[in-house]
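Here are a few exercises to work through with the model open. Try each task before reading its solution.

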Amino acid sequence: MEISEEGNSGGIGFKRPKKEILLQHNYFFTSRYLLRARTMSVTKAVSSLDDVVVKSPNDRRLYRVIELENGLSALLIHDPDIYLDGSAADGEKTDGDQMDEDDEDGEEEEDSDGSYEDDDDEEMEGDEDEVKEKGDHQTKKAAAAMCVAMGSFLDPPEAQGLAHFLEHMLFMGSTDFPDENEYDSYLSKHGGSSNAYTEMEHTCYHFEVKREFLRDALKRFSQFFVAPLMKTEAMERELLAVDSEFNQAIQNDACRLQQLQCHTSTKGHPLNRFAWGNKKSLSGAMENGVDLRECIVKLYKEYYHGGLMKLVVIGGEPLDLLESWVVELFGDVKNGSKIRPTLEAKGPIWEGGKLYRLEAVRDVHTLDLTWTLPPLRHAYVKKPEDYLAHLLGHEGRGSLHSFLKGKGWITSLSAGVGDDGINRSSLAYVFGMSIHLTDSGLEKIYDIIGYIYQYLKLLRDASPQEWIFKELQDIGNMDFRYAEEQAADDYAAELSGNMLAYPVEHVIYGDYVYQTWDPKMIEDLMGFFTPKNMRIDVVSKSVKSEEFQTEPWFGSRYVEEDVPLTLMETWSNPSEVDTSLHLPSKNQFIPCDFSIRAINSDADPKSQSPPKCLIDEPLMKFWYKLDETFKVPRANTYFRINLKGAYDSVKNCLLTELFINLLKDELNEIIYQARYLLGKSIAKLETSLSMYGDKLELKVYGFNEKIPALLSKILAIAKSFMPSLDRFKVIKENMERGFRNSNMKPLNHSTYLRLQLLCKRIYDSDEKLSVLNDLSLADLNSFISVVRSQIYIEALCHGNLSEDETINISNIFKNSLTVEPLPVKCRHGEQIMCFPLNAKLVRDVTVKNRSETNSVVELYYQIEPEEAQSTRMKAMLDLFHEIIGEPLFNQLRTKEQLGYVVECGPRLTYRVQGFCFCVQSSKYGPIHLLERVDNFIKDIETLLEQLDEESFEDYRSGMIARLLEKDPSLLSETNDLWSQIVDKRYMFDFSHKEAEELRSIEKKDVIEWYKTYFRESSPKCRRLAVRVWGCNTDMKETQTEPKSMQVIADAVAFKSTSKFYPSLC
């Protein structure tokens, strides 16, 4: 596969995105901090251009580009859907103009389709379900983003990580808004949130907010770039936050590899640095006589000026009004030159002919190859690197992936230029191939590289093919035309970054355009794919050596080796190309029919009907909804299939997982062709297969024309497929490695332990590992016929499909799978433990990774199971979270600096309501963390009682705004509808009902609710503290604790004597 933002293996740091968008292995520096702003002196725009930005014909938004006298460029976007009721004012003040209160909440959301996944692809059978659901009377949020053309490449050598530290400090108050939590408080009070990240050559800040509070949010935001305080006392605290952020990543293999690549780059090269920053690099600078505040102020003054700033503002107001706001609020930004900071790099990034073996934290084997290319941003209309990424990362027949997988050496392969600043800079582009190896593949590294150079020879001999470029061009144009809308702040952040990368007319189209076929440029680029220009990195737990070196910042151990010259010569000119390697065939899944099924061209969202049940039979239940909102030629078809006996025992569970993983492996070449319809957004025809209990979840979504054809192929193979011994061994080995790697991250471990205790039937990963070892192919083959013999399907077909087309999809299942229906009594329904009254439970476990310094406390309060058709408890939970989230963060993170992760939020576990507080720290042990969380919880009653009615109303209206926020895309709406089906709730107007319920909740209701479920003296105060102890802590501390808590030493024994709620889903 080609490397995209979701799939590349690194960027420095890591972004903490909103949970809807989980970015895998794309690490950015982030902050979540706070600020205030002041009124600006009025200046003017020196240029203002409408209709210059190339946009999709389906994009109803209006775009204007302006430039201020100080050099700042701004892209203003009028979104007519933000004020569908036409209520946007033309100039009068919003309610927010009278409000400067400081003190409110942030939001944390949890993935919720019944699974638990961590950043390293760990998975378990939890049903954490805190869903952002939507209903009628929907609105959209306003947003803004600012990219500044300076990043970590400009860190002074004596204070590494300073650009990242500067990003943190801008959130810590300004001249007009000196309170450190003002910015975050204002946003969260008004239904918003914020984030930021530091890259190598730019730093980006962005936020979203309830539509009518955009101007006042911009007032606070603008002060980041005019008059930040950067107080010494705030610097001392925030330095600890930077250090805590670094400690979250110190055991991450992708981050460790990236820092090794920086450390071993050529001395004097801009990449040869530690861009994260931590206490050692920044406090150490002060100990060496560096005035850190002077340095950070100098960096700010030198680079934070209008000439290097790109602003994006998205609102429902007219463009003229948005322009007047930007001119007024950002006019006091310092004037400056548009000339970007110049960087010098003498010689190559890395010395050729070297292989680095990095000792891994997790049980992995990866081979990473990188070739340094010249910077190619100027060639964005040609994208020669994408042509090569498409071929080198292809997974169809004749590809490197298919060939090496067939030999049993690899499990995955990706290729391309990553989106992060290390791989895509003004100095160079870095083309990478990342290959996950099997145990046998680890012994064949040089052979694998040899076949890669055979394939490169094939590409040179075949010459660049114009039909391949045209295929990419067609897909790019199709994806651009029908791009699904993103959340407003993500869109703003993306476009502000693109303003630094592309001419203004192509800030949207630049990512998609394949305009000019240039075979000569492709041939020239292939000239850089030589052994002398290649760096080899092997990351493995199995690295053994007596000559380890240590990377100084992460403490990673590695070995540096010279590649034999004879191999280098052989790779330079392969004598032959294996006949199994060849160019891909033409893509059979590129659609031609883009007609829209919805007849009503301007359907009123309020009048739209919920999904209706088209089929309700013993074998299947099909829900259907025609899309009348987005009107794109896409559909999302989701299926949950109960399999006979799939979860009856740990053995059956494992055999089912083996079968599904082998089926995915078998389907890969077909699915890849469909999946490659990607471009830069969710325009692909995507397929996913996952297991949840006894349910196989199959999702096929994308351009609707080819969905039936792809489904037919998938089901035909699923019906008759029987695995081979070779693939069985590879997949089994991969699963074993996955179980060994599970719960390596303390945060994941704590959640796993909580769910393990709550769920009546959950199979432990260690138990799975021991049972898996004894399973054979014969066991699997005899089981397959049983598990396929009876099924039950519940499905949702949503999008550009007619009723007849949906019925046709149901018939594909009936005709392909001639099986008996699975009775209701044979379908697994999870049960959740009912904590006894006054329960005060605690579970202590040490970290799985013995080098992990982070400890975690996850404090879970069990509330009640959902009542039929009742939304009041959910409304109370969400409002409570809205009120206490930011004060919790401000107290435990900003003031007490317990750790980088401080959060709370509702937990819905198989429809049993709960609420969690969670803190992760490398500085303090679990007992101290729990004490501080307990202290905060005791103070909540006072916080609530002192809350004035105006602030309470702000919180309540902010929560209502979140609930009624318009879905940004068809996929988002589908996921909301699907969650109702998965939970067997079927309340498709759930968010509307919850919003109505919220309007009747008063402050006294919240206080009484808090006293019922959180005050220790209340019988209904029932809690579980999961404590994960880091390697630098001593669990013997528990011996001196008061005996008021019930310690759970044996989870299985405890569950055997416990009561459980009836199954609800």
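A residue counts as buried when its relative accessible area is under 20%. Keep in mind that this is a predicted model.

**Exercise 1.** Work out whether cysteine 255 is buried or exposed, then do likewise for cysteine 1021.

*Solution.* Start with cysteine 255: its relative accessible area is 2%, so it is buried. Next, cysteine 1021 comes out at 4% relative accessibility, so it is buried too. While you're on cysteines, the disulfide count is 0.

**Exercise 2.** Find how helix 9 and helix 12 are oriented to each other, and which residues make the contact.

*Solution.* Take the axes of helix 9 (residues 384-392) and helix 12 (residues 445-462): they come within 11 Å and cross at roughly 125°. Angles of 65 to 115 degrees count as roughly perpendicular and those over 145 as roughly antiparallel, so the two helices, helix 9 and helix 12, are oblique to each other. The crossing is right-handed. For the contact, helix 9 brings Leu388, Leu391 and Leu392, while helix 12 brings Tyr455, Leu456 and Leu459.

**Exercise 3.** Lay out the open sheet of 6 strands and say which helix lies across strand 26, strand 27 and strand 28.

*Solution.* First, write down the order, 27-28-26-29-25-30, with mixed pairing. The edges are strand 27 (901-909) and strand 30 (1046-1047), each pairing on one side only. Further in, strand 26 (residues 855-865) pairs with strand 28 (residues 912-921) in the antiparallel sense, over 9 bridges. Pick glutamine 862 and you'll find its bridge partner, glycine 914, in strand 28. Finally, helix 24 (residues 872-895) is the one lying across those strands, running at about 165° to strand 27.

How values were computed
Residues are numbered from 1 along each chain as its sequence is written. This is a predicted model: local features need pLDDT of at least 70, side-chain atom pairs count only at pLDDT 80 or more; totals for chains, interfaces and linings use all residues. Side-chain values use heavy atoms; hydrogens and water are left out. Two strands pair if DSSP finds at least two bridges between them. Helices (H or I, at least four residues) and strands (E, at least two) are DSSP runs, numbered from the N terminus. Contact means heavy atoms within 4.5 Å. Axes are lines fitted to C-alpha atoms, for helices over the stretch in contact, and angles run from 0 to 180 degrees between N-to-C directions. A disulfide is a pair of cysteine sulfur atoms within 2.5 Å. Buried means under 20% relative accessible area, exposed over 50%, partly exposed in between (1.4 Å probe, protein chains only). Angles under 35 degrees count as roughly parallel, over 145 as roughly antiparallel, 65 to 115 as roughly perpendicular and the rest as oblique. A crossing is left-handed if the near helix is turned anticlockwise from the far one by less than a right angle, and right-handed if clockwise.
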